[in-house]
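Let's take a walk through a protein together. Have a look at the picture first, and then we will go through it piece by piece.

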Amino acid sequence: MMAVIFAMLLVFEAATYWHSRNVYDEAAAEGVRVAAAFDGTCADGITAATAAVQRAAGSWARGVRVSCTEGAIVTVTVIGSTPGALGSALGFTVRVSESAPKEQ
C-alpha cells in the first residue's frame, strides 16, 4: 500500500513539474516576443512574462523571477517553483529561457 501511495505521489509530482515548466516556458516566449519587437524593451518583456504567469498559474506560482538581457539577441528567463503534491512540502525549481533576435 505504501509503495502505491509513493508511486502516485511521484506521478503527481512529475505532472506538476511538467505543467509548471510549460506555463513558465509560455511566459518566457511571450516575454521575449514583446521584448524583441522593434519598439519593445526588456521592461515590457518582463511585464508581459509576469502577467502571463499570473494569468496561467495564479496563486500556485511561487517565487517567480523574470529577467531579461538585451542586445542583438534578446533572452527572457523565468525562474519559479512548482507546486508540490503535498502542498509546499515538495516541489522543484524550474528555470526556462527563450531567445529571439531583436527586430531592427
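**A walk through the chain**

Let's start with one residue, Glu13, which lies in helix H1. Keep in mind that the model you are looking at is predicted. Is Glu13 buried or exposed? Its relative accessible area is 6%, and buried means under 20%, so Glu13 counts as buried. What does Glu13 touch, if we leave aside its neighbours within four places in sequence? Its contacts are Thr82, Pro83, Gly84, Ala85, Leu90, Gly91 and Phe92.

Now step back and take in the whole chain. The protein chain has two helices and three strands. Following the sequence, you meet them in the pattern α-α-β-β-β. Along its principal axes, the C-alpha trace spans about 60 × 20 × 15 Å. The chain has 104 residues, and 37% of them are buried. About 6,100 Å² of the protein chain is exposed, with carbon and sulfur atoms supplying 63% of that area. The chain also carries 7 positive and 9 negative charges, and the mean positions of these two groups are 7 Å apart.

How do parts that are far apart in sequence meet? Take the contacts between residues at least 6 apart in sequence: 55% of them join residues at least 24 apart.

One link of this kind is a chemical one. A disulfide is a covalent bond between the sulfur atoms of two cysteines. How many disulfides does a search of the whole structure find? The search finds one. The partners are Cys42 and Cys68, with their sulfur atoms 2.0 Å apart. This pair links distant parts of the chain, as Cys42 sits in helix H2 (residues 42–57) and Cys68 in strand S1 (residues 62–69), 26 residues apart. The angle about the S-S bond is -65 degrees, and the link is left-handed. Both cysteines, Cys42 and Cys68, are buried.

Cys68 also brings us to the next stop, the nonpolar core. In soluble globular proteins, nonpolar side chains tend to be buried together. Here, the largest nonpolar core holds 21 residues, and those touching the most other members are Tyr24, Val53, Cys68, Val74, Val76 and Val78. Which elements give two or more residues to this core? They are helix H1 (2–35), H2, S1, strand S2 (73–81) and strand S3 (93–101). H1 supplies the largest share, six residues.

Val78 is a good place to see such contacts in detail. Leaving aside neighbours within four places in sequence, the contacts of Val78 include Tyr24, Ala27 and Ala28. Further along the chain, Val78 is in contact with Ala49 and Val53, and also with Val64, Arg65 and Val66. Val94, Arg95 and Val96 are on the list of its contacts as well.

Let's return to helix H1, where Gly31 is found. Is Gly31 buried or exposed? Gly31 has 0% relative accessibility and therefore counts as buried. Not counting residues up to four places away in sequence, Gly31 touches Gly45, Ala48, Ala49 and Val76. Ala49 is a contact of Val78 too. For a sense of distance, try Gly31 and Ser81: they are 50 residues apart in sequence, and their C-alpha atoms are 18 Å apart in space.

Other residues of H1 give another picture. Glu30 lies in helix H1, and at 27% relative accessibility Glu30 counts as partly exposed. From Glu30 to Tyr17 there are 13 residues in sequence and 20 Å in space, C-alpha to C-alpha. Val4 also lies in helix H1, and its relative accessibility of 48% makes it partly exposed. Between the C-alpha atoms of Val4 and Arg55 there are 34 Å, while along the chain these residues are 51 apart.

Our last stop is Thr69, in strand S1. Thr69 has 46% relative accessibility, so it counts as partly exposed. What does Thr69 touch, not counting residues up to four places away in sequence? The answer is Cys42, Val74 and Thr75. Here we meet Cys42 again, one partner in the disulfide with Cys68. Finally, Thr69 and Ser99 are 30 residues apart in sequence, with 9.4 Å between their C-alpha atoms.

How values were computed. Residues are numbered from 1 along each chain as its sequence is written. This is a predicted model: local features need pLDDT of at least 70, side-chain atom pairs count only at pLDDT 80 or more; totals for chains, interfaces and linings use all residues. Side-chain values use heavy atoms; hydrogens and water are left out. A disulfide is a pair of cysteine sulfur atoms within 2.5 Å. Helices (H or I, at least four residues) and strands (E, at least two) are DSSP runs, numbered from the N terminus. Buried means under 20% relative accessible area, exposed over 50%, partly exposed in between (1.4 Å probe, protein chains only). A nonpolar core is a set of buried Ala, Val, Leu, Ile, Met, Phe, Trp, Tyr and Cys residues joined through side-chain atoms within 4.5 Å. Contact means heavy atoms within 4.5 Å. Accessible areas come from the Shrake-Rupley method with a 1.4 Å probe; for residues, only the protein chains shown count as cover. Lys and Arg count as positive and Asp and Glu as negative; His and the chain ends are not counted. The place of a charge is taken as NZ of Lys, CZ of Arg, CG of Asp or CD of Glu.
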